[in-house]
Amino acid sequence: MVSALSAAVDGMAAYYARRAAEYERIYQRPERQAELRVIESALADAMAGRAVLEIACGTGWWTPHGARAAASWLATDLNPETMAVARTKPLPPCVDFALLDAYALEAAPALAGRRLDAAFAGCWWSHVPLQRLPAWLAQLHALLPAGARVVFVDNTYVPGRSTPIARVDDHGNGWQRRTLDDGSVHEVLKNHPTREQAVAMLGPRAVAPRWTAHEHFWVLDYGLA
Ligand SMILES: C[S@@+](CC[C@H](N)C(=O)[O-])C[C@H]1O[C@@H](n2cnc3c(N)ncnc32)[C@H](O)[C@@H]1O
């Protein structure tokens, strides 16, 4: 029997495979441009000189920015459809790609023996079921040594602009109903944490968390002890 949790996770992956060609429209919205430039630049600075694992890179919006001054950058995603778009972009030579399930990091051949000292994920946190988030973060942190840096960028909920939350499940996860260009309708888990809610998830190794709230995005940047 398929659990509600695995159906949610699989449904999200299938939704993004189908959305790949139309996905980057969200980054073309005029009202987002100024803060995108600020976040792109801050991400490049945060990851400068680091060996970075990018989780759920999607179409690679953040990849060229984050990797600009990185030592190495492994961009990963479950879906070849989204990664195919990312691969068409002009990218710094330090960027490699690997198909990888973010829920199976420990077993991932692409990570075996790879030296990492940073991780980044854009618009991924919001899709991880709340009941799974602390364990997922612990799995990510286990790949990283003391002194590593972790950055998450994700969407702020903007009343009147963001897709409304249609329902909240028993775990407190928000669910949106989204329509793609082909008319298909998808129920997608999407959470919009406050600073306090996000920091409370990080676990014992996180140090000096910094939360930056922009109008359309938030950024959580922290170190690992
Ligand atoms: C909201 S998009 C984020 C894309 C990109 N990081 C960005 O910020 O624009 C979520 C991405 O998660 C990927 N994804 C879904 N399930 C995944 C999984 N189990 N492991 C890795 N990636 C997954 C989807 O293919 C999609 O590219």
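**View 1. Cys123, in the loop between β4 and α5 of this predicted model**. Cys123 sits in the loop that links strand β4 to helix α5. Its phi is near 50°, a positive value in a residue other than glycine. Most non-glycine residues have a negative phi. Is Cys123 buried or exposed? Cys123 counts as buried, because its relative accessibility is 9% and the cut-off for buried is under 20%.

**View 2. Ala208, a residue of strand β9 with positive phi**. Ala208 has a phi of about 50°, although it is not a glycine. The residue belongs to strand β9. Ala208 is exposed, with a relative accessible area of 61%. The cut-off for exposed is over 50%.

**View 3. The open sheet of 7 strands**. The strand order is β3-β2-β1-β4-β5-β10-β9. Pairing in the sheet is mixed. Which strands stand at the edges? They are β3 (95–99) and β9 (206–213). Each has a single partner strand, so one side of each is left without a neighbour in the sheet. From one strand to the next, the twist averages 15°.

**View 4. The β5–β10 pair and the helices that pack on the sheet**. Strand β5 covers residues 149–155, and strand β10 covers residues 217–224. The two strands run antiparallel and are joined by 7 bridges. Within this pair, Val150 stands opposite Tyr222 in β10. Helix α2 (residues 33–47) packs on the sheet. Helix α2 touches β1, β2 (72–77), β4 (118–122), β5 and β10. The direction of α2 makes about 165° with that of β5. Helix α5 (residues 133–141) packs on the sheet too. The strands touched by α5 are β1, β4, β5 and β10. The direction of α5 makes about 140° with that of β5.

**View 5. The ligand and its surroundings**. How many residues surround the ligand? There are 21, and the closest are Tyr23, Tyr27, Ala56, Asp77 and Asn79. Nitrogen atoms of the ligand lie within reach of polar protein atoms at the distances that follow. For Leu78, a backbone N or O atom is 3.2 Å from a ligand nitrogen. For Asp101, a polar side-chain atom lies 2.9 Å from a ligand nitrogen. For Gly122, a polar backbone atom is 2.8 Å from a ligand nitrogen. Taken alone, the ligand exposes 600 Å². The protein buries 98% of that area.

**View 6. Thr59 and its polar contact with Glu24**. Thr59 lies in the loop between β1 (51–55) and α3 (63–66). The residue is buried, with a relative accessible area of 2%. Which side chain makes a polar contact with that of Thr59? The partner is the side chain of Glu24, at 2.7 Å. Beyond the four places on either side in sequence, Thr59 touches Ala20, Tyr23, Glu24, Thr82, Val85, Ala86 and Lys89. One of these, Tyr23, is also listed among the closest residues to the ligand.

**View 7. Ala8 in helix α1, and its distance to Ala206**. Ala8 has its place in helix α1 (residues 4–19). With a relative accessible area of 15%, Ala8 is buried. Ala8 and Ala206 are 198 residues apart in sequence. In space, their C-alpha atoms are 28 Å apart.

Conventions:
Residues numbered from 1 in each chain as written. Predicted model: local features only at pLDDT ≥ 70, side-chain atom pairs only at ≥ 80, totals over all residues. Heavy atoms only, no water. Helix = DSSP H or I, 4+ residues; strand = E, 2+ residues; numbered from the N terminus. Buried < 20%, exposed > 50% of the residue type's maximum accessible area, 1.4 Å probe, protein only. Polar contact = N/O pair within 3.5 Å; in protein donor to acceptor, adjacent residues only side chain to side chain. Contact = heavy atoms within 4.5 Å. Pairing = 2+ DSSP bridges. Axes fitted to C-alpha atoms, helices over the stretch in contact; angles between N-to-C directions. Near = heavy atom within 4 Å. Areas by Shrake-Rupley, 256 points an atom, 1.4 Å probe, with all protein chains shown as cover.
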